[in-house]
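Biologist: Let's go through the pockets of this model. Please keep the answers short.

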Amino acid sequence: DPVEAMRLVERYFGDIPPGEPINRIGVMDSELRGRVSMTMRDKVQLPRLYLTWPTLPLFAEAQAPLDILAVVLGEGKTSRLYRSLVYEKQIARDVAVFNDAQEIAGAFHIQVTASPEQTLERIESVVREELERIRRVPPSERELSAAKNRIESHHVRQLERFGGFGGRADQLNYYNTIAGDPGIINSDIDRYMAVTGGDVQRVASSALGENYVKLSVLPEK
C-alpha cells in the first residue's frame, strides 16, 4: 500500500535533517595516452596478465555493445579467449573479461592466468590476435544471440529476489540514482537486445585502442 508505506517512511525518517547538497561530477575522460606497462612480483604460483582500457560511463551509447563484447570474448567456456587459450592451446588456466562501467567513467578488463611453464608474452599475443579478429569481422549471429541470452538471464535472475546485492530493491535504487528513473528497470534490457554485430565490431575498434594499461604479475623468485 503506497499510502501506508509513505506514512511509515515519514514516521521513522521524516525528522532526520538532510545533509549538505553535493556537486555531481559529470563524465570524466581518461588522461591516459599510449600504453603504460608495469611488472610486479607477488606470492603467487602462476603469472597473470591484466589489460585495461579506459571506457565510457553507465548508459553511454557504447556501454551495451562493450558489455556484449566482454561476453563474446571471455564469459563462459564457449567464449573466444577461453576456447583459444584454455581449451585449444592450453596455455592459460582461466580467463576473465568484463566491462566495468561506473557513474563518471568505465574500464574494460581482460585478465588471464597462465598455465605452468607458459609466458605472458605468448598469452598477450593470442589476446591481440582475437581482438584484431573481432575488429575485422563482427561476431556471428550465434555468438551475439548467446551473449544476449546470458545478459538477459542475469537481468531476470536479479529481478527474482527482492533484497540482497543486485536484487530488485538494489536495482530500483541503482536506476533511480544513476538514470534518475527507477522505471527503467522494466526496459533497460531493450538496449542490449538492439545491439548488432556491427556495433560490437565498432566498439572493439574505437574503445580498445592503444591507450591502455598492461600489468604483468609474476611469481616471486
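Biologist: How do the residues lining the second largest pocket divide into nonpolar, polar and charged?

Modeller: This is a predicted model, where local features need pLDDT of at least 70, side-chain atom pairs count only at pLDDT 80 or more, and totals for chains, interfaces and linings use all residues. Residues are numbered from 1 along each chain as its sequence is written, and side-chain values use heavy atoms, without hydrogens and water. Ala, Val, Leu, Ile, Met, Phe, Trp, Tyr, Cys and Pro count as nonpolar, Asp, Glu, Lys and Arg as charged, and the others, Gly among them, as polar. The split is nine nonpolar, six polar and three charged.

Biologist: What is the volume of the second largest pocket?

Modeller: A pocket is an open set of points on a 1 Å grid over the protein atoms alone, where a 1.4 Å probe fits, with protein on both sides within 12 Å along at least five of seven lines; lining residues have an atom within 4 Å of a point. Points join across faces, edges and corners, and the volume is the space filled by probe spheres set on them. For the second largest pocket that gives about 280 Å³.

Biologist: Which residues lie nearest the centre of the largest pocket?

Modeller: This pocket holds about 840 Å³. Its lining counts 12 nonpolar, eight polar and seven charged residues. Of the 27 lining residues, those nearest the centre are Gln63, Asp67, His154, Gln158 and Tyr192.

Biologist: Is glycine 163 buried or exposed, or partly exposed?

Modeller: Buried means under 20% relative accessible area, exposed over 50%, partly exposed in between (1.4 Å probe, protein chains only). Glycine 163 has 39% relative accessibility, so the class is partly exposed.
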